[in-house]
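Subject: Structure handover

Hello,

Please find the structure for your files below. My notes on it come after the structure itself.

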Amino acid sequence: MAAFEINAAKHAADTDSLCLDPGRLREEPIIASKIYDSCRQQDCLTANEIGPARAAEPVYIDGELIKEGEILVPPHDAAAVTIENLKLRKIIVVDKKPCPFKNGFWDIDVKYVFEYVLTFREADGDVILCVKARSIFNKKVTLFGSASSEFVMGTDLFKNMGESTAFNAEPFIWVEGKAVALAAEIRYCCKNKPHDVAVTIGLFTIIQIFRLVNLKVESRGFSIPRECDNIDPTNPCEFFDALDFPMDIFAPPQRPEFVAGISGNIPRSKHGFSEER
């Protein structure tokens, strides 16, 4: 038997042994959606964050038309309200852009749309009216997604990308959420007149930033994201004051520091700027 035939037979035997031994570990190259960063958050949303309940569809209350998106005014004889059938109807990634102060990080703006039914009752408990309502919550987080670059790729996995195409390699965003109805109450204005409805919604959410990469992996189970670092849209100065001073913008690092990934940014300390460089 020729040497080639012997080697070919040995290779076939080795291959067969691998196939017959499903418990044996093997390295397999895959194209995977690698998570570069992620965070989780548990938010208790009140009227301070989501505003008063708004109509999810046109409805007449006390003879007045309330259009879709307008604030719901309770019936004049309503003494109580309950929230039911809460659904997290949509999660929308509104915006994703590089963070201007932290290289490789991305500012992500996510919108959550909740829909539910408000049931208004009289003082004796009789139902007056059931109304479909809506609330919206906007959340901002910053996650590491690495730097973007432009390259050329070709694939038929995505629509209209069967040919080689210039592709801006931005990371992708994946958001999951679960909503829980917690409470609803009628708010009154002058002379105890019903004014609007304040609802309280519990939101569990996970936000992940990922890229398509080539990997060889071994699974160790599910990953548990850290808690999100909140960016309070109503307090931008507090967020800005907590940022490191971006000296890299004013004094770009020289080649040795750049290659080594050493930053000249000045970190914030508890009592102001740190003097360490």
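The notes below cover strand pairing, the disulfide and the salt bridges.

The model is predicted, which applies to everything that follows.

Strand pairing

Four strands make up an open sheet of mixed pairing, ordered E10-E11-E1-E12. E10 (172-188) and E12 are its edge strands; each has a single partner strand, so one side of each lacks a neighbour in the sheet.

Going through the sheet from the E10 side, E10 and E11 run antiparallel and are joined by 16 bridges. Within this pairing, Ala183 has Thr200 in E11 as its bridge partner. Strand E11 (residues 194-215) is also joined to strand E1 (residues 30-45), again antiparallel, by 15 bridges. There, Ile30 is partnered with Leu215 of E11. The pairing of E1 with strand E12 (residues 226-227) is parallel and rests on two bridges. Arg40 is the residue opposite Glu227 of E12.

A further antiparallel pair consists of strand E5 (residues 80-98) and strand E6 (residues 105-121), with 15 bridges between them. Val81 faces Phe120 of E6 across this pair. E5 and E6 form a hairpin with six residues between the strands, and Gly104 in that hairpin has a positive phi near 90 degrees.

Disulfide

How many disulfides does the structure hold? There is one. It is formed by Cys39 and Cys228, with an S to S distance of 2.1 Å. Cys39 belongs to strand E1, while Cys228 sits in the loop between E12 and helix H3 (236-241); the two cysteines are 189 residues apart, and the disulfide thus links distant parts of the chain. The S-S torsion of Cys39 and Cys228 is about 80 degrees, so the disulfide is right-handed.

Are these two cysteines buried or exposed? Cys39 has a relative accessibility of 1% and counts as buried. Cys228 is buried too, at 7% relative accessible area. Another cysteine, Cys189, has a relative accessibility of 34% and therefore counts as partly exposed.

Salt bridges

Over the whole structure, the search finds nine salt bridges. Some of them are described here.

Asp43 pairs with Lys139, with 3.2 Å between the closest N and O atoms. Since Asp43 is in strand E1 and Lys139 in strand E7 (residues 127-144), this salt bridge ties together parts that lie 96 residues apart in sequence. Asp43 and Lys139 are both buried.

Arg187 and Asp196 form another salt bridge, at 2.9 Å from N to O. Which of these two side chains is buried, and which is partly exposed? Asp196 is the buried one, with a relative accessible area of 5%. Arg187 is partly exposed, with a relative accessible area of 31%. Elsewhere, salt bridges with shared partners connect Glu68, Arg89, Glu115 and Arg134 in one network.

Asp95 and Lys97 also form a salt bridge, with their closest N and O atoms 3.9 Å apart. The cut-off for a salt bridge is within 4 Å, so this pair is counted. Asp95 is partly exposed at 32% relative accessibility, and Lys97 is partly exposed at 45%.

Taking strand E1 by itself, the notes above place it in the four-strand sheet, give it one cysteine of the disulfide, Cys39, and give it Asp43, which forms the salt bridge with Lys139.

Regards

Technical notes:
Residues numbered from 1 in each chain as written. Predicted model: local features only at pLDDT ≥ 70, side-chain atom pairs only at ≥ 80, totals over all residues. Heavy atoms only, no water. Pairing = 2+ DSSP bridges. Disulfide = S-S within 2.5 Å. Buried < 20%, exposed > 50% of the residue type's maximum accessible area, 1.4 Å probe, protein only. Salt bridge = Lys/Arg side-chain N within 4 Å of Asp/Glu carboxyl O.
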